[in-house]
Amino acid sequence: MFWDKKSANEQGKLSGPKEIPGLVQTYLVAERKMDSDLVKLLKAVVRNGTAGTTFNIRVFDNSESIAKKVRVKDYTSLDECPDLIIYEGWFDEKGKQVKLEEKKKVNFDTPIFTQAEIQQKIEALKEPGNTVFFYMARGGKSGGPLGMGASIVELNPNYPGKRQKKYIVHMADVTDVQPVGKGDKIFDSDKPKDVARWVKDAHHKRTY
């Protein structure tokens, strides 16, 4: 009896976030028209379904969970944070079947600007305190379509005061496609070209 009880407990143990199973990846690319590279960057949590070969699954973006300060440990972790779930449903490895419901519309197809376009947007700032932001694919923040937050360029409201430079660059987490406040100041500069070059260095196709 003790052996049977232990086996049941082990079978019911939930696993942590992992790469989306191959069968579900194929479904997302073929049926949901998601970019195959992006599908590999998202995470999934699963648990045993009602039948022996079926599994319940939830798909989410780990970078967004980090930005929202949510630790996703397993399938049930998302019970408290349903806004993080992108797709939810089940799959059957043996029967090669997948059934997913889209729980949240997410537009990962964000435009990637050239350095010249970034500079143009920065130079278009006219009123002191005005800002423009760009999603980032590298850096110390999280969230957003490119996975690593956003850089925010502000037209310094104290410019041209003593020792003040025209532009202030910040980095912030992104939740629900918007930066969380101004984030952390990174540097300031009088040269929009230098700012645009710095932004462009981490503003590219998502890799994390």
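A polar contact, as the term is used in this tour, is a pair of N or O atoms within 3.5 Å; within protein, one must be able to donate a hydrogen and the other to accept it, and residues adjacent in sequence count only if both atoms are side-chain atoms. The model is predicted, so local features need pLDDT of at least 70 and side-chain atom pairs count only at pLDDT 80 or more, while totals for chains, interfaces and linings use all residues. Residues are numbered from 1 along each chain as its sequence is written, and side-chain values use heavy atoms, with hydrogens and water left out.

**Stop 1: the whole chain**

Display the full protein chain, which has six helices and 11 strands. Helices (H or I, at least four residues) and strands (E, at least two) are DSSP runs, numbered from the N terminus. The radius of gyration, taken over C-alpha atoms, is 22 Å, well over the 17 Å that the globule rule gives for 208 residues, so the chain is more spread out than a compact globule. That rule is 2.2 Å times the number of residues to the power 0.38. Along its principal axes, the C-alpha trace spans about 80 × 35 × 20 Å.

Of the 208 residues, 41% are buried. Buried means under 20% relative accessible area, exposed over 50%, and partly exposed in between (1.4 Å probe, protein chains only).

**Stop 2: Lys-141 and Asp-184**

Select Lys-141, in the loop between strand S6 (131-135) and strand S7 (150-155). Is this lysine buried or exposed? Lys-141 counts as buried because its relative accessibility is 17%. Next, add Asp-184, whose side chain makes a polar contact of 2.6 Å with the side chain of Lys-141. To see the other neighbours, show Gly-147, Met-148, Gly-149, Met-171, Ala-172 and Asp-173, which are also among the residues that Lys-141 touches, not counting residues up to four places away in sequence. Contact here means heavy atoms within 4.5 Å.

**Stop 3: the loop between S7 and S8**

Move to Pro-160, located in the loop between S7 and strand S8 (167-172). The peptide bond that joins Tyr-159 to Pro-160 is cis, with omega near 10 degrees. Then select Arg-163, which also lies in the loop between S7 and S8. Although Arg-163 is not a glycine, its phi is positive, at about 60 degrees. Arg-163 counts as exposed, since its relative accessibility is 77%.

**Stop 4: Lys-69**

Another positive phi occurs at Lys-69, a residue other than glycine, where the value is near 60 degrees. Look for Lys-69 in the loop between helix H4 (62-67) and S4. A relative accessible area of 67% makes Lys-69 exposed.

**Stop 5: helix H2**

Select residues 22-30, which form helix H2. Which residues of helix H2 are buried? They are Leu-23, Val-24, Gln-25, Tyr-27 and Leu-28. To view what covers the buried residues of H2, display strand S1 (18-19), helix H3 (36-39), strand S3 (54-60), strand S4 (85-92) and S5, which are included in that cover.

**Stop 6: Thr-114 and Glu-64**

Finish at Thr-114, in the loop between strand S5 (97-102) and helix H5 (115-123). Thr-114 is partly exposed, with a relative accessible area of 39%. Select Glu-64 as well: the two residues are 50 residues apart along the chain, and their C-alpha atoms are separated by 25 Å.
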